[in-house]
Amino acid sequence: MKLLKLLSILLISVSFFSCQKETSTDPTLTEEEKLKIEASKKVEAIKSTEWLVSGFTTADNAPVDPSLFTGDAKFIDQLTYTFDNTGIVRSYDKISKQPQANGTWGLVENATKLDINIQGFKGTFGVIELSKIKMILRNNIKYKNIDIPVNMVFIPLK
């Protein structure tokens with residue numbers, strides 16, 4: 001009888017502990033690791049796609065007429081751009097598709113800015129949106145000879 005009680009207690013104890021919820025042993029990601037993952041997603045979104053400027057807006061999304069840009073900014077929408085894995089950006093004439101210039105690119109400041117150095121399109125641009133279907137970059141552009149913050153809306157060329 002004692003043996004039966006002992007076996008019963010043992011069986012009940014084993015079944016009780018086996019039904020308890022297990023705690024996760026997966027390590028949580030540090031903030032730095034999360035930022036690296038987000039940056040990696042942004043790099044994947046931008047590279048290997050030919051990008052075309054589809055328009056310009058102010059910070060509050062009012063349209064901006066690019067014909068009033070001055071300096072290098074007036075040529076940004078006349079080209080398409082590709083960004084490759086090695087940090088090279090290339091520009092092409094939008095109509096003739098002829099190569100125009102090569103430069104460098106990279107995400108900086110925890111992938112919140114895109115640093116581009118190519119003739120006619122140089123600077124560190126704030127990343128407002130970056131996905132495989134849209135890229136919105138913000139920077140000051142000379143508009144009627146005054147620097148104003150402008151969103152440059154890019155779409156992938158199909």
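Reader: What makes both faces of S2 count as covered?

Author: Leu79, Tyr81 and Phe83 lie on one side, Thr80 and Thr82 on the other, and all are buried. In a regular strand the side chains alternate between the two faces of the sheet. Note that this is a predicted model.

Reader: Why is S2 called mostly covered?

Author: Count its buried residues: five of five. Phenylalanine 83 shows the test. Its relative accessible area is 1%. The cut-off for buried is under 20%, so phenylalanine 83 is buried.

Reader: How do you know that S2 pairs with strand S1?

Author: Two strands pair if there are at least two bridges between them. S1 (residues 50-57) and S2 (residues 79-83) have three bridges. The condition is met, so they pair. They run antiparallel. Leucine 52 stands opposite threonine 80, and glutamate 50 has threonine 82 as its bridge partner.

Reader: And what joins S2 and S3?

Author: Five bridges, in the antiparallel sense. Set against the required at least two, the pair qualifies. Phenylalanine 83 faces valine 89 of S3 across this pairing. The hairpin has four residues between the strands, and glycine 87 takes a positive phi near 85 degrees there.

Reader: What makes the eight strands a barrel?

Author: They close in the order S1-S2-S3-S4-S5-S6-S7-S8, with antiparallel pairing. From one strand to the next, the twist averages 35 degrees.

Reader: Why does serine 91 count as buried?

Author: Its relative accessibility is 2%. Buried means under 20%, so serine 91 passes. Serine 91 sits in strand S3 (residues 88-93). Leaving out residues up to four places away in sequence, serine 91 touches Leu79, Thr80, Tyr81, Gln98, Pro99, Gln100, Ala101 and Ile118.

Reader: Why is threonine 112 called neither buried nor exposed, but partly exposed?

Author: The value is 39% relative accessibility. Buried ends under 20%, exposed starts over 50%, and partly exposed covers what is in between. So threonine 112 is partly exposed. Threonine 112 is in the loop between S4 and S5. Past residues up to four places away in sequence, threonine 112 touches Phe125, Gly126 and Val127. Threonine 112 and leucine 35 are 77 residues apart in sequence, but 9.9 Å apart in space, C-alpha to C-alpha.

Reader: What about alanine 111: buried or exposed?

Author: Buried, because its relative accessibility is 4% against a cut-off of under 20%. Alanine 111 is also in the loop between S4 and S5. Its phi is near 65 degrees, a positive value in a residue other than glycine. Glutamate 109 is in the loop between strand S4 (99-108) and strand S5 (113-118), with a positive phi near 50 degrees.

Reader: How many aromatic pairs does a search of the whole structure find?

Author: Five. One of them is phenylalanine 83 with tryptophan 105, an edge-to-face pair at 5.5 Å centre to centre and 85 degrees between the planes. The limit for centres is within 6.5 Å, and edge-to-face needs over 60 degrees, so both conditions hold. Phenylalanine 83 lies in strand S2 and tryptophan 105 in strand S4, so the pair ties together parts that are 22 residues apart in sequence. Tryptophan 105 is buried, with a relative accessible area of 11%.

Reader: Why is the pair of phenylalanine 121 and phenylalanine 125 called tilted?

Author: The angle is 55 degrees between the planes. Stacked needs under 30 and edge-to-face over 60. The pair fits neither, so tilted is the label. The centres are 5.0 Å apart. Both rings belong to buried residues. Tyr81, Phe121, Phe125 and Phe154 form one aromatic cluster.

Reader: Which residues of the largest nonpolar core touch the most other members?

Author: Phe83, Ile116, Phe121, Met135, Leu137, Met152 and Phe154, out of 29 residues in the core. Helix H2 (31-46), S1, S2, S4, S5, strand S6 (121-130), strand S7 (135-143) and strand S8 (146-156) each supply at least two residues.

Reader: Where does pLDDT stay under 50?

Author: Over residues 2-8, where the model has zero contacts beyond four places in sequence. Residues 20-26 are also below 50, with zero contacts beyond near neighbours in sequence. Where pLDDT is low, the predicted coordinates should not be read in detail. For the protein chain, the mean pLDDT is 80, and 82% of residues reach 70 or more.

Key
Residues are numbered from 1 along each chain as its sequence is written. Side-chain values use heavy atoms; hydrogens and water are left out. pLDDT is the predictor's confidence in each residue, from 0 to 100. Contact means heavy atoms within 4.5 Å. Axes are lines fitted to C-alpha atoms, for helices over the stretch in contact, and angles run from 0 to 180 degrees between N-to-C directions. Buried means under 20% relative accessible area, exposed over 50%, partly exposed in between (1.4 Å probe, protein chains only). A nonpolar core is a set of buried Ala, Val, Leu, Ile, Met, Phe, Trp, Tyr and Cys residues joined through side-chain atoms within 4.5 Å. Rings of Phe, Tyr and Trp (its six-membered ring) pair if their centres lie within 6.5 Å; planes under 30 degrees apart count as stacked, over 60 as edge-to-face and the rest as tilted.
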